[in-house]
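Open the model in your viewer and keep the sequence panel visible. The tour below goes stop by stop, with a selection to make at each one.

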Amino acid sequence: MASLLSSHTLSLPTTIVLSSPLPSPPLLSSPFPLTTLTPLRLNSLRRALIVINHAARAAPPSLYSDSDAVGLPRFRLDNLGPQPGSRKKAKRKGRGIAAGQGNSCGFGMRGQKSRSGPGIMRGFEGGQMPLYRRIPKLRGIAGGMRAGLPKYVHINLKNLAAAGFKEGEEVSLESLKNKRLINPSGRERRLPLKVLADGELNMKLNIKAGAFSAAAKEKLEEAGCTLTVIPGRRKWVKPSVAKNKARADEYFAAKRAAAAEQVSA
């Protein structure tokens, strides 16, 4: 009953009224010396504080009747606590064999699971072929097989022809997004554009993409389009590896040039 009263009456409008002055106590029974009783303290001693809850007074009597509070304890600060059964004491291990978890704390005497350390790895099945190695491998499976993941966002020539581009207009990943021809999401938002050769294109466009298929490049060059290859992000390598790779590229470029001169001669 008291908790019900607190939930219904705390947010209701109240009025604080100072009652009429109480009769002043005799000077002999006052706990303070006469010299220390300031007018403010005398006023606080002579007036009583009364809190009037108008909404609770105007509420129906059945809501706040004493018949509802039968069997319920009075709500006080000294009996606050969690609900019975909501809290449970932690199990104390290693505190004697009489408790049942005292000697080895429930881990047994021997074996891999009783040793300290990380224990058994996830997916281990005792030595037999585990499930993650028995099932067929899928393209782009999470955690591996990155060779099956797409490396480009693809667009065909027939889509470019039906997009309504004008003569000499620029075609790029941003313009295709604006025309709603492609809508990459997730991992594909960081991928470059690649043009494929499905369909025909009969207008001159300025196309900027990360890659062109061989057939698409041939068709676009015949149509008189301007092709621009946008370089992608390079993978970071150590400076020593980059230096050796540059030297190797220079060596093989000179070798190919020498072979081409011998063939032409």
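## First stop: a loop with an unusual phi

Select Arg-180, which counts as exposed at 74% relative accessibility. In this predicted model, Arg-180 sits in the loop between α6 and β5. Its backbone deserves a check: Arg-180 is not a glycine, yet its phi is positive, about 60°. As background, most residues other than glycine have a negative phi.

Now select Cys-105, another residue other than glycine with a positive phi, near 60°. Cys-105 belongs to the loop between α3 (54-58) and α4 (131-134). With a relative accessible area of 22%, Cys-105 is partly exposed, because the partly exposed class runs between 20% and 50%.

## The whole chain

Zoom out and colour by secondary structure. There are eight helices and eight strands in the chain. Of its 265 residues, 16% count as buried. Among the contacts in the chain with a separation of 6 or more, 51% are between residues 24 or more positions apart.

## The largest nonpolar core

Which residues touch the most other members of the largest nonpolar core? Select Leu-160, Phe-165, Leu-176, Val-195, Leu-205, Ile-207 and Leu-220; these are the ones, out of 24 residues in that core. The elements that give two or more residues to this core are β3 (153-156), α5 (157-162), α6, β5 (193-196), β6 and α7. The largest share, three residues, comes from α7. In general terms, nonpolar side chains tend to be buried together in soluble globular proteins.

Keep Phe-165 selected and show its surroundings. Beyond its neighbours within four places in sequence, Phe-165 is in contact with Leu-160, Leu-176 and Leu-205, which are also among the core residues listed above. Its other contacts are Glu-170, Val-171, Ser-175, Lys-179, Leu-181 and Met-203.

## Strand β5 and Ser-213

Move to Lys-194 in strand β5. At 22% relative accessibility, Lys-194 counts as partly exposed. Measure from its C-alpha atom to that of Val-153: the separation is 5.9 Å, although the two residues are 41 residues apart along the chain. Leaving out residues up to four places away in sequence, Lys-194 touches Tyr-152, Val-153, His-154 and Ile-155, and also Ala-211, Phe-212 and Ser-213.

Follow that last contact. Ser-213 lies in the loop between β7 (211-212) and α7 (214-223). Is Ser-213 buried or exposed? Ser-213 counts as buried, at 17% relative accessibility, because the cut-off for buried is under 20%. Apart from residues up to four places away in sequence, Ser-213 touches Lys-194, Val-195, Leu-196 and Ala-197.

## The largest pocket

Turn on a pocket display and go to the largest pocket, with a volume of about 550 Å³. Its lining has 20 residues, of which Arg-190, Leu-191, Pro-192, Gly-232 and Arg-233 lie nearest its centre. The elements that give two or more residues to that lining are α6 (173-178) and β6 (206-209). Colour the lining by residue type: nine residues are nonpolar, three polar and eight charged.

Next, centre on Leu-191, in the loop between α6 and β5. Leu-191 is buried, with a relative accessible area of 10%. Its C-alpha atom is separated by 9.9 Å from that of Arg-233, 42 residues apart along the chain. Once neighbours within four places in sequence are set aside, Leu-191 is in contact with Pro-150, Lys-151, Tyr-152, Val-153 and Leu-173.

## Ser-172

Select Ser-172, placed in the loop between β4 (170-171) and α6. Ser-172 counts as buried, at 10% relative accessibility. Not counting residues up to four places away in sequence, Ser-172 touches Leu-193 and Lys-208.

## Last stop: two rings

How many aromatic pairs does a search of the whole structure find? The search finds one. Select Tyr-251 and Phe-252: the ring centres are 5.2 Å apart and the planes are at 70°, so the pair is edge-to-face. The angle decides the label, because planes over 60 degrees apart count as edge-to-face. Phe-252 is partly exposed, with a relative accessible area of 44%.

Terms used
Residues numbered from 1 in each chain as written. Predicted model: local features only at pLDDT ≥ 70, side-chain atom pairs only at ≥ 80, totals over all residues. Heavy atoms only, no water. Helix = DSSP H or I, 4+ residues; strand = E, 2+ residues; numbered from the N terminus. Buried < 20%, exposed > 50% of the residue type's maximum accessible area, 1.4 Å probe, protein only. Contact = heavy atoms within 4.5 Å. 1 Å grid on protein atoms, 1.4 Å probe; cavity = no way out; pocket = protein on both sides within 12 Å on 5 of 7 lines; lining within 4 Å. Points joined across faces, edges and corners; volume = space filled by probe spheres on them. Nonpolar A, V, L, I, M, F, W, Y, C, P; charged D, E, K, R; others polar. Core = buried A, V, L, I, M, F, W, Y, C linked by side-chain atoms within 4.5 Å. Phe/Tyr/Trp six-rings, centres within 6.5 Å; stacked < 30°, edge-to-face > 60°.
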